[in-house]
Amino acid sequence: MLDCLQRASQDAHKTIAFPALGTGNLGYPKDVVAQTMIETAQQFHQNNPESPLEKVNIVVHNDDATIFEAFQRVKEKTDEEMKRRISFNTRRNNRVFDIDAMEGATRETTGSQPSQLARQVTLHVSSDDIRHVETASRLLDTFCKEAITTQCNSYDSLKTMNQRQQDKIRKLSLKHSISVDFDPMTGEVKLEGLKSDVMDAMVSVHTTCNDILLQKQRDEKAKLISSYVRWEYTHVSGTGAISHYDKFINQKIEKAYMAKKDFLYLPVIDGNEYVLDFKKMEEIDRNNQEDRVRVIRKDLTEGTIFETPSYWSPVDTECEMIELKKKTSEYRKVEEAFSNSVGRQITILKIKRIQAQWLWKLYVIKRQHLEKQQQQNPAAEVNTERVLWHGTSMDAIPCIAKNGFNRSYSGKNATAFGKGVYFAVSASVSDKDKYSEPDSQGHKHMFQARVLTGNYCKGRMK
């Protein structure tokens, strides 16, 4: 029966019909046949949600009431069980996990929209001598001109803020006793008030911008991880609808799993907490031990080989930067490539190898995907992988080493052809100060990177 369902689905059929298999001359028990056929149809539907097959008909002759009654009993029983499981999954699917609590951060309470301070204040100056009033007015005018400042800035990152981050910007008005004009469409912020208060508020704006960039970075990483592994949950019996965790929780679970932890606590915004037991592969409600689900780790990269380069050093952490010794062949190879490409006499201070396990895994997945495309079109002669150079500033190194090159926040130094990550064929290009910005000691920093270019063409500067 399962083979027939799969064939019908492959042929894009919408319906299929079966007789009551084995209940004729073979004499199989009617209840067992009914149970097996209905469960097989339901299981196929759950495991193949995108199948075009919409209906499975089971045909029973009118003159055999006992077979019809057997199928009817099983159907009523399984329908009731399915309703219970759907209700169960709906309740769990509606959970909102407290990401801040999982990361040890304090989650801000969201109150009503913050009100703005009064834009104008009317001062009444009284005196028995008009000259005193005029003097006081001049002093007030001078004070306002000297003490009050206006700062206007535009930030691309502020255009992608969520509601909580927008509220945080608006709350600066009350927090610092200043005037705040903010347009989330253009990312423009105008701050007006006492100089010291405006400067403090500007620090808060920059912090929010950094938070947004970090969130983009986390989002990109979570999305990439979900491309090669997906954590799912279903009824503890192993049957019923299968649901999957959102990409951020998926990332947290995978990280704990790879760290060989026994448990992972999953707090929910409403104050409840669930525990994922990796030994039993179950998720349990801490307030109700009977409320549990079976957890499944689905590897989406089966058949892919992820062996790290043989010259990598054994490490226990997710990302390490290993300084190479000058006498090793690996050091000399990088040194020679750089010296031949940079075009001037340069003293190399250090060469470090970056070992990021998850980045390597993602790289291998993408590389094999491109190689498969090339196999399907051998005439294209695509040079899948190239070794290129990327100049950067010192403060960007830890972020790139741990999370890779991210086009959503690249383009700090130069964007002649639009926003994106720029690489150079020659190290002499990356050696320019606008790419590899010298640090406080005058030292420069550059990445030698493997880059999956695929098909490419020459760009034009507009």
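In the predicted model, six strands are arranged as an open sheet, in the order β7-β6-β11-β10-β9-β8, and their pairing is antiparallel. The edges of this sheet are occupied by β7 (243-244) and β8 (263-267); each has a single partner strand, so one side of each is left without a neighbour in the sheet. At one of these edges, β8 is joined to strand β9 (residues 273-277) by 5 bridges, and the two strands run antiparallel. Within this pairing, Phe-263 is found opposite Asp-277 in β9. Helix α9 (residues 247-258) packs on the sheet and touches β6 (229-235), β8, β9 and β11 (288-299). The direction of α9 makes about 100 degrees with that of β6.

Further pairings are found elsewhere in the sheet. Strands β6 and β11 run antiparallel and are joined by 7 bridges. One residue pair in this ladder consists of Thr-234 and its bridge partner in β11, Arg-294. Strand β10 (residues 282-285) also pairs with β11 in the antiparallel sense, over 4 bridges. These two strands, β10 and β11, form a hairpin in which 2 residues lie between them. Asp-285 has Asn-288 as its bridge partner in β11. In a regular strand, side chains alternate between the two faces of the sheet.

A further open sheet contains 3 strands in the order β3-β5-β4, again with antiparallel pairing. Here the edge strands are β3 (148-154) and β4 (179-183); each of them has a single partner strand, so one side of each is left without a neighbour in the sheet. From one strand to the next, the twist averages 5 degrees. Strand β3 is connected to strand β5 (residues 188-194) by 7 bridges, and these strands run antiparallel. In this pairing Thr-149 stands opposite Gly-193 in β5.

Two helices lie across strands of this sheet. Helix α5 lies across β3 and β5 and runs at about 30 degrees to β3. Helix α8 (residues 195-226) also lies across β3 and β5, but its course is described relative to β5, to which it runs at about 150 degrees. The length of α5 (residues 130-147) can be compared with expectation: at 1.5 Å a residue, its 18 residues should span 26 Å, and the end C-alpha atoms are 26 Å apart, which agrees. The N-terminal end of α5 is capped by Asp-129, a side-chain oxygen of which lies 2.9 Å from the backbone nitrogen of Arg-131. An α-helix has 3.6 residues a turn, so residues three or four places apart point the same way.

Aromatic side chains were examined next. The structure holds 9 aromatic pairs. One of these pairs is formed by Phe-405 and Phe-447, with an edge-to-face arrangement. The ring centres of Phe-405 and Phe-447 are 5.6 Å apart, and the angle between the planes is 80 degrees. This pair links distant parts of the chain, since the two residues are 42 residues apart: Phe-405 belongs to the loop between α12 (397-403) and α13 (427-430), whereas Phe-447 belongs to strand β15 (residues 445-452). The two residues also fall into separate accessibility classes. Phe-405 counts as partly exposed because its relative accessibility is 31%, while Phe-447 counts as buried because its relative accessibility is 10%. Elsewhere, Trp-231, Tyr-257 and Phe-278 make up one aromatic cluster.

Arg-353 was considered individually. This residue is placed in strand β13 (residues 352-356), and Arg-353 is buried because its relative accessible area is 10%, a value under the 20% limit for that class. The side chain of Arg-353 makes a polar contact of 2.6 Å with the side chain of Gln-355. When neighbours within four places in sequence are left aside, the residues in contact with Arg-353 are Tyr-311, Trp-312, Ser-313, Glu-320, Met-321, Ile-322, Leu-324 and Glu-330.

For the protein as a whole, the secondary structure comes to 13 helices and 15 strands. Of the 462 residues, 32% are buried. Among contacts between residues at least 6 apart in sequence, 68% join residues at least 24 apart.

Conventions:
Residues numbered from 1 in each chain as written. Predicted model: local features only at pLDDT ≥ 70, side-chain atom pairs only at ≥ 80, totals over all residues. Heavy atoms only, no water. Pairing = 2+ DSSP bridges. Contact = heavy atoms within 4.5 Å. Axes fitted to C-alpha atoms, helices over the stretch in contact; angles between N-to-C directions. Expected span 1.5 Å × (residues − 1). Polar contact = N/O pair within 3.5 Å; in protein donor to acceptor, adjacent residues only side chain to side chain. Phe/Tyr/Trp six-rings, centres within 6.5 Å; stacked < 30°, edge-to-face > 60°. Buried < 20%, exposed > 50% of the residue type's maximum accessible area, 1.4 Å probe, protein only.
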